[in-house]
2 protein chains.
Amino acid sequence: MSWELTAADLPDLSRGAALLGTGGGGDPYIGSKLVERVLGAGAITVLDPDDVTADALVIPTAMMGAPTVMIEKVPAGTEAVLALRTLESHLGRRADATMPIECGGINSMIPLAVAAETGLPVVDADGMGRAFPELSMETFAVYGVHGSPLAIAGERGDCVIIDTGDDDRQMEWLARGVAIRLGGVGHIAEYAMSGDEVRRTAIPRTMSMALSLGRAIREAREQKRSPFDALAEALSTTLYSHMRELFVGKVVDVERRTTDGFAKGHARFAPLDAGDELEIAFQNENLTAHLGGVLIAIVPDLICVVDAETAEPITTEGLRYGQRVRVLGISTPALMRTPEALAAFGPRAFGLSDEFFAVESR
Amino acid sequence: MSWELTAADLPDLSRGAALLGTGGGGDPYIGSKLVERVLGAGAITVLDPDDVTADALVIPTAMMGAPTVMIEKVPAGTEAVLALRTLESHLGRRADATMPIECGGINSMIPLAVAAETGLPVVDADGMGRAFPELSMETFAVYGVHGSPLAIAGERGDCVIIDTGDDDRQMEWLARGVAIRLGGVGHIAEYAMSGDEVRRTAIPRTMSMALSLGRAIREAREQKRSPFDALAEALSTTLYSHMRELFVGKVVDVERRTTDGFAKGHARFAPLDAGDELEIAFQNENLTAHLGGVLIAIVPDLICVVDAETAEPITTEGLRYGQRVRVLGISTPALMRTPEALAAFGPRAFGLSDEFFAVESR
C-alpha cells in the first residue's frame with residue numbers, strides 16, 4: 001500500500017534507517033535535515049513495490065563515499081537530482097520514480113530529497129536491505145539488473161557517466177575512482193529498472209520498516225519501556241525476524257583510516273564488568289564481531305552498535321572513546337543469504353576467509 | 001591542400017611525430033605498426049584545416065596515460081573508435097572527421113587508426129603542436145573550445161563520459177583518475193569542435209610537418225648527409241623555425257617513476273669529453289634542460305633527445321644508460337607563447353618557478 005511521508009516522519013525514519021545502516025550509510029541527523037529543508041510542509045508519495053507499473057522507469061539515487069567525508073561535505077540536495085537528470089538524458093527517458101539503493105542515515109534520505117525536489121514518488125524498497133560499502137553489493141545485481149549506466153555528479157556540477165556493461169564490480173571500481181577525485185564523495189543515479197524488475201530484485205518495504213523501527217524505539221523511550229524490547233518486537237514481524245544482544249560495554253579503542261575512498265578500521269569494546277572484549281571490523285559498515293577472539297556475527301547479517309540506554313544507532317564515524325553501547329546482531333532476509341547473494345556481499349566479497357553463519361544459529 | 005596518406009608514409013610520419021613528442025606521446029614503433037595493420041593497402045584522407053567545412057563536426061581521438069604503461073598495453077585500435085562512437089551517441093551527432101590532440105609517436109597515429117577503421121578523414125592539425133602530459137594543455141582550450149564532454153574507453157570495453165563544463169583542468173583530473181583505474185591508460189574522444197573552431201584554435205599542418213621532418217631525417221641518412229642539418233633546414237620553413245643543439249653526450253642516469261598516472265623523473269647526460277653535465281626533468285614529456293645547473297631551455301619549447309648519429313628520436317621511457325645522444329632545442333610557434341598559452345602549458349602549469357624564455361634567445 002502506498003503512503004504519504006511528511007517531515008514529521010523524518011526523525012523516526014532516519015533513526016530506523018541508521019540502525020539498518022549497520023554503522024554506515026551516513027549520518028542520520030544530516031540526512032533528515034537535508035530532506036526537512038527541501039520538503040517543508042509538503043509530502044512525498046512512497047510507492048509500495050506492488051503498486052509500481054510493470055514498465056515504469058525507476059532510477060535509484062544515492063550518495064557514495066567514505067562516511068568520514070560525507071559528514072564534512074554536507075549535500076545541497078541538488079547533486080543527486082543532477083545525477084538523475086544526467087542519467088535520464090543518457091537513457092533518453094524520464095524516470096517515473098526514484099528508490100534507495102541501501103538503508104542508511106543518508107542514503108535512505110537522498111531519494112526523498114530527490115523526490116521532494118522533482119515531485120517523483122519513491123519506491124518503498126532498496127537493493128541492500130541494509131548498507132554495504134560497494135555499489136556492486138546489490139540484490140539488484142545478484143538477481144540480474146546491472147548498475148550501468150551509472151551517472152555520478154560532484155558538488156561543483158561535474159557529471160560523469162560510467163558504462164561497464166554487466167560488470168558491476170568494474171563499475172564500482174571506476175565510480176570509486178571518480179568519487180575520490182571529486183573530493184571523496186559523489187552523488188549517483190544507477191540501476192535503472194522497470195517496476196517488474198523492482199519486484200524481482202529489490203528487498204521490499206525497507207523504508208516503511210525503517211520508519212516503524214525508528215518509531216518503536218522512540219515510543220518505548222516516551223513510555224519508559226525498554227527500547228530494545230520494542231525493537232525486537234517490531235523486528236519479529238519483518239523479514240529481519242531475529243535480534244540478539246551480542247554485547248554490552250564501552251568503546252575503548254577506535255582505529256579508523258579514510259583510505260581508497262572508504263572508512264576502514266576496527267573498534268574495540270570492553271565489558272562494563274569483567275569478561276571478554278568485543279572487536280568489530282568495518283569498511284564503512286560493520287563486517288565482523290569477535291568476542292574474546294571468537295567470531296559471533298558476520299556480514300551480511302547486521303551488526304549494529306547503539307547507545308546502551310536509548311538504542312540510538314551509532315555510525316562507525318560516530319564511535320567515541322568511553323561511549324556506553326549495546327551491540328545487536330540482526331538476521332538478514334533469506335533473499336540475502338542465498339549462495340548468489342553471499343558471492344556478492346558475503347564474507348569473501350570483503351576478503352574475509354570466514355564462512356557465513358546465521359547470527360541466530362549460535 | 002588535402003592529401004592521401006598510405007602505409008608507406010608511416011615510418012617517416014611516426015619519426016617526425018616522435019621528435020615533436022619531445023620525449024612523450026608514445027612509442028613511434030608501436031604507433032606505426034598499429035596503423036599499418038588497420039590500414040593495409042588502403043589510404044587515409046588528410047584534410048587541410050582550410051578544407052574543413054565551417055560547421056563540420058571534428059572529434060579528436062587519442063590515447064592517454066603514462067608512456068611507461070602504453071608500451072605494455074598495446075592498443076588494439078578499436079578502443080579509440082569506441083570512445084569516438086560513445087561521444088557521438090552522447091552528442092547525438094556523427095563526426096565528419098577526427099584529428100590528433102597532440103603530436104607524438106602514438107598520439108599522431110591513433111586518429112589515423114580511427115580513420116582507417118571508420119573511413120573518416122583526419123584533419124592536419126592538433127591542439128598541442130607537440131606533446132604535453134595533461135588534457136587541459138591544449139591550444140583548443142586556450143582559444144575557447146573546451147574538452148567536455150570527453151569519452152574514455154578501456155581495453156575491456158568500459159566507457160565513461162565526463163562533463164566538467166568549461167573546466168578543462170577538472171576534466172583532466174577526473175579522466176586521469178579513470179585512466180589510472182582502467183590500468184594506467186585510456187582511449188579518448190574529446191574537444192569536439194566545428195571546422196571554424198579548428199581554424200581558430202588548432203596548430204595547423206603539424207601532421208604534414210611531422211611527415212616532412214621524418215622524411216628529411218631519413219633522406220639525409222640515405223644520402224650520407226647530416227640528418228641534423230637536414231632537420232634544421234626542414235624546420236626553418238615551418239612555424240618551428242629555430243633549432244639549436246643544446247648538448248652532445250651520453251646518458252649516465254635515469255630516474256623514472258610511474259606515479260599519479262604519469263611517468264615523472266630526471267635524466268642526466270655527461271659530455272663525451274670534459275665539461276658540464278646536462279639534466280632534463282620530465283613529466284611524460286621533457287620539461288626543462290639545465291646545463292651545469294643553468295637553465296637553457298624550458299617548456300613549451302621543445303627539448304628533444306635524439307640518437308647522436310642518426311637523429312632518431314628517443315622517448316623518455318626509451319632512455320638507457322650509455323646511449324649516445326644529441327639534445328635539441330626547437331622553438332614553438334608564436335600561438336603557443338602568448339600569455340594565455342603559457343598560463344595553460346608554460347612553466348607555472350607544471351609547478352616550475354622559472355619564467356619562460358625563447359630557446360633561440362640564449
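**Two copies, one shared surface**

Let me begin with how the two chains come together: 100% of the interface residues of chain B are also interface residues in chain A, so the copies meet through the same surface. Please keep in mind throughout that this is a predicted model.

How are the two copies placed with respect to each other? In general, two copies of a chain are related by a rotation about an axis and a shift along it. Here, a turn of 180° with a shift of 0.0 Å along the axis lays chain B on chain A, with an RMSD of 0.0 Å. That is the relation of a two-fold axis. If you would like to find this axis on the screen, look at B:Ile161, whose C-alpha is the nearest to the axis in chain B, at 2.5 Å from it.

Turning to the contact itself, 16 residues of chain B are in contact with 16 residues of chain A. On the chain B side, β8, which covers 159-163, and α7, which covers 168-181, each supply at least two residues, and α7(B) gives the most, with seven residues. By class, the side of chain B that touches chain A divides into eight nonpolar, five polar and three charged residues.

The strands deserve a moment of their own. Strand β8 of chain A, residues 159-163, pairs with β8(B) in the antiparallel sense, over five bridges. Which residue of β8(B) is the bridge partner of A:Cys159? The partner is B:Asp163.

Let me now move from the contact between chains to the one within chain A. This chain is divided into domain 1, residues 3-204, and domain 2, residues 239-361, and the C-alpha centres of these two domains of chain A lie 24 Å apart. Between them, 32 residues of domain 1 of chain A are in contact with 29 residues of domain 2 of chain A.

Which helices of chain A supply the domain 1 side of this contact? At least two residues each come from α1 (10-20), α3 (67-70), α6 (139-142) and α7 (168-181) of chain A, with the largest share, four residues, coming from α1(A). The side of domain 1 of chain A that touches domain 2 of chain A has 17 nonpolar, eleven polar and four charged residues.

One last point concerns α7, which appears in both parts of this talk: in chain A, α7 supplies at least two residues of the side of domain 1 that touches domain 2, while in chain B, α7 supplies seven residues of the side that touches chain A.

How values were computed: Residues are numbered from 1 along each chain as its sequence is written. Chains are lettered from A and ligands numbered from 1 in the order in which they are written. This is a predicted model: local features need pLDDT of at least 70, side-chain atom pairs count only at pLDDT 80 or more; totals for chains, interfaces and linings use all residues. Copies are superposed by least squares on the C-alpha atoms of residues with pLDDT of at least 70 in both. Two residues are in contact if their C-beta atoms, placed from the backbone, lie within 7 Å. Domain bounds come from an automatic or database domain assignment. Ala, Val, Leu, Ile, Met, Phe, Trp, Tyr, Cys and Pro count as nonpolar, Asp, Glu, Lys and Arg as charged, and the others, Gly among them, as polar. Two strands pair if DSSP finds at least two bridges between them.
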